Structure formats: structure tokens, C-alpha cells
Protein chains: 2
Amino acid sequence: MLKISEIAKKTGLSTHTLRFYEKQGLINASQRSEAGYRLYGEADVRKAEFIRTARNIGFSLDDIAVLLSIRLDKASHTCQEVTDIARGKLDEVYEKITELTAMKATLEILLASCCGGPEDATHCSIMEALDASEAKQQSSSGNTATNEV
Amino acid sequence: MLKISEIAKKTGLSTHTLRFYEKQGLINASQRSEAGYRLYGEADVRKAEFIRTARNIGFSLDDIAVLLSIRLDKASHTCQEVTDIARGKLDEVYEKITELTAMKATLEILLASCCGGPEDATHCSIMEALDASEAKQQSSSGNTATNEV
DNA sequence: TAAAACATTAGAGTTGAGTCTAAGGTCAAG
DNA sequence: CTTGACCTTAGACTCAACTCTAATGTTTTA
């Protein structure tokens, strides 16, 4: 059985994070020592690694909680439940990429329009663009990021 | 002179947000009524619109504070100061897009590998991939998002 | 046996950008 | 002269995922 710092080293999750995940109901030490120390077995290590893998892919802790409950009893869950989670995440990712791509385009246009030199900013085209009002919708959740300059 | 709800309507910023921006030192009403009501003039409106435009592009409030200080006295600031801010933001955006693109690729591979049907998840290839450990680095700040499945 | 290195807990703090609340003051309309 | 729509403030709350602290107990090592 591993102590918390041992499983931490093995899985790359910090001891803080492991205790935090326990509070969130994701993972428990399967035993405690007489003194109350958490003791983790092989199955716990695999579970922690599952969590880390899912987290690294980008799943939220809420998603991971659902994935773990499926993992616990695969026979009574379907592939569709699993793909629903993945597809939900993928949709989020698409949306964020769209937003960021709009920001990127805007910033590149702004940067291309300005000399960027030691000249004073009196006629800086970036400042002018920002002052031109006409601010397009963007950021704050789920709109088609159409932001021109 | 406009009351706060009037400039709010005009600029698309909420009254809460305007007061919050005031606390952050971004914008002040240029006058107060006898009763202490904020009163905004034309210059305030233009400043609020500048802020909204910059925010919509994706600049942080800290960036905006700097941009506003440049705007206040363009003659004693350079184009380079302005492009430094834009380039900094653009770098952030690039980094986030890279991360998200890695997530996207991983999720697409996972989704392609799984039937997604009503079959039970006993042999679900997504669950298998998550259980395969081998978790690649990703997310948490600034690493080359190489995440395979 | 004493110090260093671990472990425990509850709970507070961090980040960024708001969002909301409570408790009150002001103003225009009917 | 009251109702409702506005305005004020300080300060708490939200989200996500940690991260850290303090105060204390345990184990290991020199």
C-alpha cells in the first residue's frame, strides 16, 4: 500500500490535488493506517491515472466524475453515454477555438496596421481602431465571433 | 449628461459592470449630481466604448488600463508600447489555440474509435484509452501540447 | 531521543471578470 | 403622498480547479 506522497509521485498528481479530488468525491484511499494515513492500492493507482489522463485531455472534474461512475460498472452503461461526454467536450473546444480564431484575426490585423516603432502614438492605427467604437460582439459565451476591425 | 443606466444602454455595458470598472480605475463619471448620481459626458461615452471594444477583442482589464493610459496622452507613448500589448495578447491566443487544437485532435480520435451506440461500455474504446494510462502532458500552462491517445 | 520529513484536518486564498445583495436615498408620475 | 423606477454604497458571492495555511499528530532516520 502506498502513502499519499508515494501515489502522488507515481501519478504526477500532488498530494494536495489528491486530497482535493477526494473531497470532490473522485477518489478515495481504499484503506487508512492506524494513525489515519491514507493507504492506496494498485486499483487506486489505476483510478488516479485514469483521472489524470482524462484531466489532461481536458475533461472537467464533473465530466470525470461521470466517466468514473461508468468505469465502475461498464456493463450497465452504454458507449453512447461515453461519446456524449466526449462530444460535449469537443463542442466546447470547437466553440473556444472559434472565439480564439476571431481574436487572433483581429489582433493580426491590428498588428499589421501599426508600425510598432518608436514613433509616438498620436496616429497609432491600433489606438484609432480601438477608438472607432463599432465594437463587435464576441467573448462572453456562445455567439458567432464575428469581430472585424 | 447621462445617468448610469443611460450610458449603460448606449454602450452595452451593464450598470454593475460600469461601477465595477470604476472600482478598477478604468472609468469615472466626470460629474456627480447633487444627490451623488454619476453623470457621464460625451468623452465618457467614448471612453466606455473604447473599453468595450478592447474587451471584446479579448484584452484583459489590466491591458485595457494600460491602453487607456496611453490613450490619455498619446504623444508621450510610442506605437511600440501599443504593439507590445497586442503582441502579448496574440501570443497568449496562439498558445491557447495550440492547447485546444491538441484537445480537439485527441477527442476526435477518441470519438472516431468508439461506436457510440447503445452497446454496453464493457469494451468501449474510449474507456480503454482513458484507462491506458500513458497520460501525456497538456493543459496547465505553457507546454507543447502533445497529447496522443 | 531528537530532528526531519512526513501525515492529518478544516478552512481560507487565488485568478479574472463580473454579478448580486442589502439597506438605504432620490425622483417623476398619478 | 405614495408607488415604482431609479440611484448610492460596501461587501459578499460565482465559477473551476486548485493551492496554501495553521495547528497538530506520526514515522523515519541519524
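User: Before we look at the two chains, what does contact mean here?

Analyst: Contact means heavy atoms within 4.5 Å. Keep in mind that this is a predicted model. With that cut-off, 60 residues of chain A are in contact with 60 residues of chain B.

User: How do I read the way the two copies are related?

Analyst: In general, a rotation about an axis and a shift along it relate two copies of a chain. Here, chain A lands on chain B after a rotation of 180 degrees with 0.0 Å of shift along the axis, at an RMSD of 0.1 Å. The two copies are therefore related as by a two-fold rotation axis. Look for Ile97(A): in chain A, its C-alpha is the nearest to that axis, 3.0 Å away.

User: And do the copies meet through the same surface or different ones?

Analyst: The same one, because 100% of the interface residues of chain A are also interface residues in chain B.

User: What about the size of the interface?

Analyst: People often quote the accessible area lost when the parts come together. In this case chain A and chain B bury about 5300 Å² between them, and 70% of that is on carbon and sulfur atoms.

User: How many salt bridges and polar contacts run between the chains?

Analyst: There are 2 salt bridges between chain A and chain B. In one of them, the side chains of Arg71(A) and Asp131(B) meet at 3.1 Å, N to O. As for polar contacts, 12 residue pairs make them across the two chains, counting pairs with both residues at pLDDT 80 or more.

User: Which helices of chain A supply the side that touches chain B?

Analyst: Helices H3 (42–57), H4 (61–72), H5 (79–113) and H6 (125–131) of chain A each give at least two residues. H5(A) gives the most, with 21 residues. Sorted by class, that side of chain A has 29 nonpolar, 17 polar and 14 charged residues.

User: Let's zoom in on one residue. Where is Thr83(B) found, and is it buried or exposed?

Analyst: Thr83(B) sits in helix H5 of chain B, residues 79–113. Buried means under 20% relative accessible area, so Thr83(B), at 3% relative accessibility, counts as buried.

User: Which residues does Thr83(B) touch?

Analyst: Leaving aside residues up to four places away in sequence, Thr83(B) touches Leu111(A), Cys114(A), Gly116(A) and Ile126(A). Within chain B, a polar atom of the Thr83(B) side chain lies 3.1 Å from the backbone oxygen of Gln80(B).

Terms used. Residues are numbered from 1 along each chain as its sequence is written. Chains are lettered from A and ligands numbered from 1 in the order in which they are written. Side-chain values use heavy atoms; hydrogens and water are left out. Copies are superposed by least squares on the C-alpha atoms of residues with pLDDT of at least 70 in both. Buried area is the accessible area (1.4 Å probe) that two parts lose on being put together, summed over both. A salt bridge is a side-chain nitrogen of Lys or Arg within 4 Å of a carboxyl oxygen of Asp or Glu. A polar contact is a pair of N or O atoms within 3.5 Å; within protein, one must be able to donate a hydrogen and the other to accept it, and residues adjacent in sequence count only if both atoms are side-chain atoms. Helices (H or I, at least four residues) and strands (E, at least two) are DSSP runs, numbered from the N terminus. Ala, Val, Leu, Ile, Met, Phe, Trp, Tyr, Cys and Pro count as nonpolar, Asp, Glu, Lys and Arg as charged, and the others, Gly among them, as polar. Buried means under 20% relative accessible area, exposed over 50%, partly exposed in between (1.4 Å probe, protein chains only).
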